[in-house]
Amino acid sequence: MYKRLSSVMFPIFAVLLIGALVWGYQENQEKNAILIKAENQYQRAFHDLSFHMDKLHSEIGNTLAVHSSSQGMHRKGLMNVWRLTSEAQNEINQLPLGMLPFNETEEFLSRISKFAYQASMRDLTNEPLSKKEMGNLKTLYQNSSEIKNSLKEVQQKVLADRLRWMDAETVMATQEQTNDNSIVDGFRTVNKKVKDYPELDWGPSVSNMFTKRSVKKLGGMPVSKEQIQEKAAKFSNVESGKIQVQENGKGTDWESYTATIQHARNGKLMMDFTRNGGKLISYSDTRTVGAKKVSRQEAMKQADQFLVNKGYKDMKAVNYDEFGNLANLTYVHKQGDTLIYPEKMSVRVGLDTGEVTGFQASDYVYEHNDKRQIPKAKLTADQARKKLNSDFKENYVRKSLIENEYSKEVLCYEFGGRINGSRYRIYINADTGMEEAVEEIKPVNATS
C-alpha cells in the first residue's frame, strides 16, 4: 500500500517542486530585469544631467561674451539657457532624490529658467539687459561652474568605481546621515553649495513666482477651536456641539483647522479654515450623488444663490464644466465693471438635486483685497479690438484684471468669441495693446 502511494505521489511532488523552482527562477529573472532597467534609467538621467549642466555653464558664458548691444545673440543665448535648465530639471525629476535634500538646487535652476525665459521674451531692442541682469549672469556663470565641477567629480567616481544608483537609493531610504555613499554625498555637497550662494535680486517678476503664500500673511488674529466650531455651525446650520475640530500643521506656515460634521445622508461635511482670521478656504459634502436630473441653468442658479447666502457678494461665473453627475463652476470677484481673476473660487454642484456639494476658495481668501485700486485703461475697447485677428468673431468684451506670466497684475480687455471653429478668450493689455493671454474654452460636457 505504501509503495503504491509513494509511486503515485512522488512524481506529483517532483513535478510540483520542479514547477516551483522554474517559477522562482523566472520571478527572479523578471525582478533582476526590472532592477537593471531602473538602474540604466537612473544612470542615463544622471549622465545627461551632468552633460546639460556643463552646456548650461558654456551657454551663460557665450551670452556674456558678446557685446551688450547684441540683442539677437542675447535672446538666442537666454533661450538656450532656458532650454538647458528645463532639461536639467527634467533629469533631476527622473532620479530617486525624493529622500535626499536637493530642493535648493532645484529651486536655483527654476529661478534661472524663469529669469532666462522672461528676459528672452521681452523686446530686448527697447529694453536690453540691464547692468543688474548682466551682473546676475556673471554670478550664475560662476555658480554653474561650481555645480558642473561637483557633478563631474561624482560622475568620475560613478564611472571609476562602477557605483550603482540602486545602492544610493537604499542609503537614502535609511535616512541616516552616517551612511557613506559617493553619489549621495556628492549631491548633498552640491545642494549645500547652492544653499550658501548669496541671494540674487531677480526682480519682482521672478521673485513673485517663489513667494510663498502663507497663513501668516493673512490679516486677523489666530482663532481657537471653539471659534472655528461657531463659524462651522453658522456656515452649515448645524449645532456646534456636533462639530469636531482638528488642528493641522501646528508650528508651520500652513496652520489651519478642519471641522467635520457627520450627517444622516450617507456622508459628512468637511470645512477647512485658516488659523489666522478663521477664514473658510474649502467646503465639501461627501454624500453620494445620484443620477443627473438638474439642467445647467438650474445648477448655475443654485450655485449663484449659495454664494449669496454665504456672504460672497459680486461673484461672476466665468466657466462651467460637467463631469458625470457633478458640475464645477469657476467664479471671480467683480469690482465695479472689472472682473478680478486673482480672486477666484470654484463651486461644485450635485446634478441630482442641484445642491452645492463643495467649494474651494483659497485663491479668493489669499488674494482678496477690499482696497484694491483698479488702474484706468489707457486704450478704449475699440482701440484694443484692432489688435485682434480679423477672423475672430467677437461675442463679448469686458474689463478684466489678470495676473500675467510675469506674476504682475495687469488690466486687460477680455474678448470672448470664436475662431477656427473653437471658442477663445483673448486678453489685450488695456495700456499697451499687447496680447497678455489666450485661453481656449473647451466644450461643456453638458447635454441640456
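How many cavities of 30 Å³ or more does the structure hold? Just 1, and some notes on it and on the helix packing follow. Keep in mind that this is a predicted model.

1. **The cavity.** The largest cavity has a volume of about 30 Å³. Its lining is made by L49, M53, I92, F102, T105, L109, I147, L151 and V190. Helix 1 (2-65), helix 3 and helix 4 (131-161) are the elements that give two or more residues to that lining. By class, the lining has 8 nonpolar residues, 1 polar and no charged.

2. **Helix 2 against helix 3.** Helix 2 covers residues 71-94 and helix 3 covers residues 103-121; the two pack at an angle of about 150°, with axes 8 Å apart. With the cut-off for roughly antiparallel at over 145 degrees, that angle makes helix 2 roughly antiparallel to helix 3. Their crossing is left-handed.

3. **Who touches whom there.** From helix 2, the contact takes in R75, L78, M79, V81, W82, T85, S86, A88, Q89, I92 and N93. Helix 3 answers with E106, L109, S110, I112, S113, A116, Y117, A119, S120 and M121. Sorted by class, the residues of this contact come out as 12 nonpolar, 7 polar and 2 charged. If you are cross-checking against the cavity, I92 and L109 sit in this contact and also line the cavity.

4. **Helix 4 against helix 6.** Here the angle is about 175° and the axes are 10 Å apart, helix 6 being residues 182-196. So helix 4 is roughly antiparallel to helix 6. Helix 4 brings E146, I147, S150, L151, V154, K157 and V158 to the contact, while helix 6 brings S182, I183, G186, F187, V190, K193 and V194. The class split for the pair is 8 nonpolar, 3 polar and 3 charged. I147, L151 and V190 belong to this contact and turn up in the cavity lining as well.

5. **Helix 3 against helix 6.** These axes come within 7 Å and cross at roughly 55°, so the two helices are oblique to each other. Helix 3 passes helix 6 in a left-handed crossing. On the helix 3 side the contact involves N103, E104, T105 and F108; on the helix 6 side, V190, N191, V194 and K195. That gives 3 nonpolar, 3 polar and 2 charged residues.

6. **One residue to look at.** Which residue of helix 6 should you click on to see these pieces together? Try V190: this residue is in the contact of helix 4 with helix 6, in the contact of helix 3 with helix 6, and in the lining of the largest cavity. T105 of helix 3 is another handy marker, being in the contact with helix 6 and in the cavity lining.

Conventions: Residues are numbered from 1 along each chain as its sequence is written. This is a predicted model: local features need pLDDT of at least 70, side-chain atom pairs count only at pLDDT 80 or more; totals for chains, interfaces and linings use all residues. Side-chain values use heavy atoms; hydrogens and water are left out. Axes are lines fitted to C-alpha atoms, for helices over the stretch in contact, and angles run from 0 to 180 degrees between N-to-C directions. Helices (H or I, at least four residues) and strands (E, at least two) are DSSP runs, numbered from the N terminus. Angles under 35 degrees count as roughly parallel, over 145 as roughly antiparallel, 65 to 115 as roughly perpendicular and the rest as oblique. A crossing is left-handed if the near helix is turned anticlockwise from the far one by less than a right angle, and right-handed if clockwise. Contact means heavy atoms within 4.5 Å. Ala, Val, Leu, Ile, Met, Phe, Trp, Tyr, Cys and Pro count as nonpolar, Asp, Glu, Lys and Arg as charged, and the others, Gly among them, as polar. On a 1 Å grid over the protein atoms alone, a cavity is a set of points where a 1.4 Å probe fits but cannot get out, and a pocket is an open set with protein on both sides within 12 Å along at least five of seven lines; lining residues have an atom within 4 Å of a point. Grid points are joined across faces, edges and corners, and a volume is the space filled by probe spheres set on the points.
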